[in-house]
Amino acid sequence: MKKWILIVIAFVAAALAAAQWLNQVNDYKTNGELRLEILDAGVTVTRDERGIAHIAASNKRDMLRAQGFITAQDRLFQMEFFKMLAKGRLSELIGEAGLASDKKMRVIGLWHNARKMAAQFSPEVKQFVGDYLDGVNAYIATQEREFPIELSLMGHTPKPWTLADTAVLLQYISLQQSKNMKAEAVAQSLIDTVGAERAATLLSINVNPDRTPAALSVKLPKNNFDNEVTLTKRISPVTPLTMHDFLAPIEVGSNNWVVGPTRSASGAAIVVNDPHLDARLLPGVWYPISMSTPDFHASGAALPGLGGMVIGRTDRVAFGVTNAYGDVQDLFIERIATDSDAHYLEGNQRIPFNSREEVIRIKDEDADSGFREEIITVRSTHRGPVVSDHGIIDLGDRVVTLRWGAAVAFDRDIGFDKLLFARSASEVRDAVKSIDIHMFNFVFADVDGNFGRLASGKIPIRRFGAGALPVPVTDSKPHWYRWIPKDDMPGEFNPDRGWTGTANNDTRPTNYPYTYSTYFSPSYRYDRMIELMDGKQSINADDHWRFMHDVKNLHAKRIVPMLIPLLKEAEYKEFAETLTNWDYMDTTTSRATLLFQTLYQELALATYEDDLGEVLTADMLNLWYFWQERFDHLLVSEPHSIWFDNHATKNTVENLADVVIAAAKATEQRLKQYDDNAVWGDVHRVKFVSPMRRSGFGSRWVGGGDYPMSGSSDTIRRARYDFDQPFDTAFFASYNLVSDMAEQQAILTALPGGVAARIFHQHYDSEIPAWISEQASSTPITREAAQASATSKLQLLPSE
C-alpha cells in the first residue's frame, strides 16, 4: 500500500477518534437522575430541540439552585473565563496576551470593589445569589468528569464560587457600560492639541426628538478653566491613548420598546428587545432558559454567573434593557507636591498617596512553575485609583485619577432578584430603582396592560460641569455631592402616545434639571423607531419582529442629499447616480451602502486628520457617540466650518466641497480593493469564533462561520463596525425578544450562537442559521409548554 494512503487512513482514524472523544466529553447528563444535597425537593429539567433547559421546581429556592447547576453544565468554561477576566487574572489562562487587561482590572479595582460590595448584600440578595451559587458549586463539586474540555486545555481547575465572584461580574458589566472615561480623555487630548476654544466645537451634540429643544450641545464648564494653564497645556507630540491595549470583549448597546394595549393588535402590551453586544465569541453572551414553580413561570435570557434573568417574560410581567450610558465616571487631574511625588495636594493640604501591591501571575512555559509573576503598585487618592499609571489613560505627564460610581455607589440591593419576581409593572419600576451600579434603560409591561420605561443607576450630581472633561483638583471639597433622585430618573409610565422605547439615545425630557450623561448614541435608530411606531395604529408580534430587522438608514437619508450635488460638481457622477437611486436600505446586496459607508469614513478623516493628527483622530473616531452627531451637523449646516480647511495648504481656505472631493478620491482608491460589483454584504460580515482559537490555523474549523450582514450602525437591525476595522461587524443583536402579554405559552426569540459553551457541542453554534435568516423561534414559558417540546428529561433529586 502506498505511503500517502496510509497517511490518509491514519489521519481519518485520528479525526474519528478525536470526534468520538469530544462527543463523549460533551455528553453531559441530560437524562436520568442525579442526587444533589442542596435541594429541598425534586426538580425536573427538560430540554427542547434547541438545547434550552426548562426547570420545573416545587419552590423558588430550588428553582434557583437548579438554574445554577444547569447553567454550569452548559456554561462553566464561559463563567470561569469571565470571572478570571473581571478579577484581573486572565494572564493565568492565556499568558502575556491577558496582561494589559489584568493591569486595567487591578488598577480600577473590580475585585477590590466586589469584596466590599458582597459584604454589604442584604439578606435577601445573599439568599438569592447564594441559592444560585449553591447549584453552580454542586456541579463543580460532583461533576468533574463532565467538565468542558476547554478547562483542561487551559490548565484551569474551577474553585467554588462566592458572593464576591458574582459581585465582580456585576462590577465588570458596569465597567463595560461606562464610556465617559475614554470620552473625557479624548476631550482633554483635543484641548491639548487645538486649544479649548476649537475643542469646544468638537464636543458631542445629544439629540432627543421628543424634547424641546431636541439637540443639546455639550459645553466646556467655565469652572474648569480656573486652572486653564494646566488644562490647555500642550504636549508635543500628543501621546496616544491606549484605547485598544486591553481586552474588552463586551460593549453594550441595544434597542427596546413597548407598546400598550391601545396600539397592540392583541389588545395586550408587547415588549421588544434586542441588546447589542459583541457576541462573536461563541456561544454568545446570553444564556437562554425557562423555569417555573407551581405559582410562577419565566422564560428569557440570563447572564451566566447571575441567577434570574436580565431580559424576559414571567407569568405576570415582561422586561428588556438597553444601555442608558449614565455618566458614573470622572477623571481628575491631581496636583502633585513639588517636593515629593509621593504626595498630592488638595488646596494647601499635603496628602500621601494610598498604595497597594498587586501580584499578577502570568502563564509562561519558560518558567519553572509554569507561571511568572509581575508586581504592580496601584496608587490612589480620595477620588480613586491613579489610572495614568500602567498605561490605562495617557495624558502626558499628568497624574490622573478615576472616580467611578460602581466603586462607591453600591448598596444592599442588586435589583435583579426583585425584577425576576415582580408581579406588576409598578413592581418592575421599583426593582429598577433598586439597581445602583448598572445604567440601563428598562422597558416593561404587565398582563393588566400597564407599561413604561425607566433608567436605572446611581448617577452623581456634580459641583460644576457636565462630566465631559477631566477636572483639575483645587481643594478637598467632593465633586460628587449627591445623587439624582431615583424618582427623577428619565422615564415614563403608561404614556398617552401608546408606546415608549429607547435606542441608547438621549432620553432626558424637556427642562430636565440633571446631567444623566453627555454620551449618547445618535438618534437615527430612535428616529426610525418613531416612524415605524407612530405610522401604524395596530401592531402585532410579527410586525415587531420585522421592525427589529429593519435596515432603513435615516443617517444616510440626512447626509446623502447634501453629497449628491457636490459629487456631481466634482465629476464623480457615477457615485452621485448610485446614491441618487438608493432607497437607503442597508441590505447585503446594496452597492450604495458600501459606497456611503466608505465615503462617510473618508469625509471624517479628511476633515480631522490634518488638525488632530492620525493617532488622536483615530482615538476620537473610534468613539462614534462622541463625534457623529456633531460631524453630521457640520456636514449639513456648516459647509464653511474651519474644520474643513486643510491647514497644511498655504494661502487657500478649503470648504466642504473640497473635503468631499478629497474623500471621493480616497473612496475611489479604497473601492478598488474589491470586485467592481462588490456590494455591502461582500465586505460587511460577521465572523463567529471560538475563544480557544480566534484566528489563524484551525480557527475556521472550531468557529461558527462567516456571514454577510445587513444593517449598519444607524439601522434598527444594528451591525456596527469599529471605525478602524471596517467593515467587520462587531456589535449586533445578541438576543432577540418579542413578548406579547396576550400570549401565555411562549415568547419569540433568536440567539446568535448557541446554548452550550463546549467546543464541538451540537448546541455550540446551532442558533446561528435561524438568527442570520431573521427567523423567530418559539421559546416556552409555562411548564406545560416546555414538557410538550421536551427532547430530554433529567430528574434532580435531594439526597436520600
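Start by selecting R316 and D448. Their side chains meet in a salt bridge, with 2.9 Å from N to O. This pair ties together distant parts of the chain, 132 residues apart. R316 lies in the loop between β11 (311-314) and β12 (317-323). D448 lies in the loop between β19 (440-446) and β20 (451-455). Now show the surface. R316 is partly exposed, at a relative accessible area of 23%. D448 is exposed, at 54%.

Before moving on, colour by confidence. This is a predicted model. Mean pLDDT for the chain is 92, and 93% of residues reach 70 or more. Then select residues 224-250. Here the pLDDT is below 50. The stretch still has 75 contacts in the model beyond near neighbours in sequence.

**More salt bridges**

The structure holds 46 salt bridges. Select E96 and R372 for another one. Their closest N and O atoms are 2.1 Å apart. This pair also links distant parts of the chain, with the two positions 276 residues apart in numbering. E96 sits in the loop between α3 (91-94) and α4 (99-108). R372 belongs to strand β17 (residues 371-380). How exposed is E96? It is partly exposed, with a relative accessible area of 47%. R372 is partly exposed too, with a relative accessible area of 27%.

Go next to helix α2 (residues 60-86) and pick out R65 and D62. They form a salt bridge, the closest N and O atoms lying 2.8 Å apart. What separates R65 and D62 along the helix? About one helical turn, because they are 3 residues apart in α2. Check the accessibility of both: R65 is buried, and D62 is buried as well.

Keep R65 and D62 selected and add D40, R61 and D131. Salt bridges that share partners join these five residues, D40, R61, D62, R65 and D131, into one network.

**A covered helix**

Select residues 163-177, helix α8. Put a distance between its end C-alpha atoms: they are 22 Å apart. At 1.5 Å a residue, the 15 residues should span 21 Å, so the two values agree. Now bring back the surrounding chain. Is α8 mostly covered or mostly open? It is mostly covered, with 14 of its 15 residues buried.

**A strand with three partners**

Finish at strand β13, residues 329-336. Of its 8 residues, 6 are buried, so the strand is largely enclosed by the rest of the structure. In a regular strand, side chains alternate between the two faces of the sheet.

Take the partners of β13 in turn.

- Strand β18 (residues 399-404) pairs with β13 in the antiparallel sense, over 6 bridges. Select F332 and look across to its bridge partner in β18, T401.
- Strand β22 (residues 471-472) runs parallel to β13, and 2 bridges join them. Select I333 here; its bridge partner in β22 is P472.
- Strand β14 (residues 343-346) runs antiparallel to β13, also joined by 2 bridges. Select I336; its bridge partner in β14 is Y344.

For the last view, select β13 and β14 together with the segment that connects them. How many residues lie between β13 and β14 in their hairpin? There are 6 residues between the two strands.

Notes: Residues are numbered from 1 along each chain as its sequence is written. This is a predicted model: local features need pLDDT of at least 70, side-chain atom pairs count only at pLDDT 80 or more; totals for chains, interfaces and linings use all residues. Side-chain values use heavy atoms; hydrogens and water are left out. pLDDT is the predictor's confidence in each residue, from 0 to 100. Contact means heavy atoms within 4.5 Å. A salt bridge is a side-chain nitrogen of Lys or Arg within 4 Å of a carboxyl oxygen of Asp or Glu. Helices (H or I, at least four residues) and strands (E, at least two) are DSSP runs, numbered from the N terminus. Buried means under 20% relative accessible area, exposed over 50%, partly exposed in between (1.4 Å probe, protein chains only). The expected span of a helix is 1.5 Å times one less than its number of residues. Two strands pair if DSSP finds at least two bridges between them.
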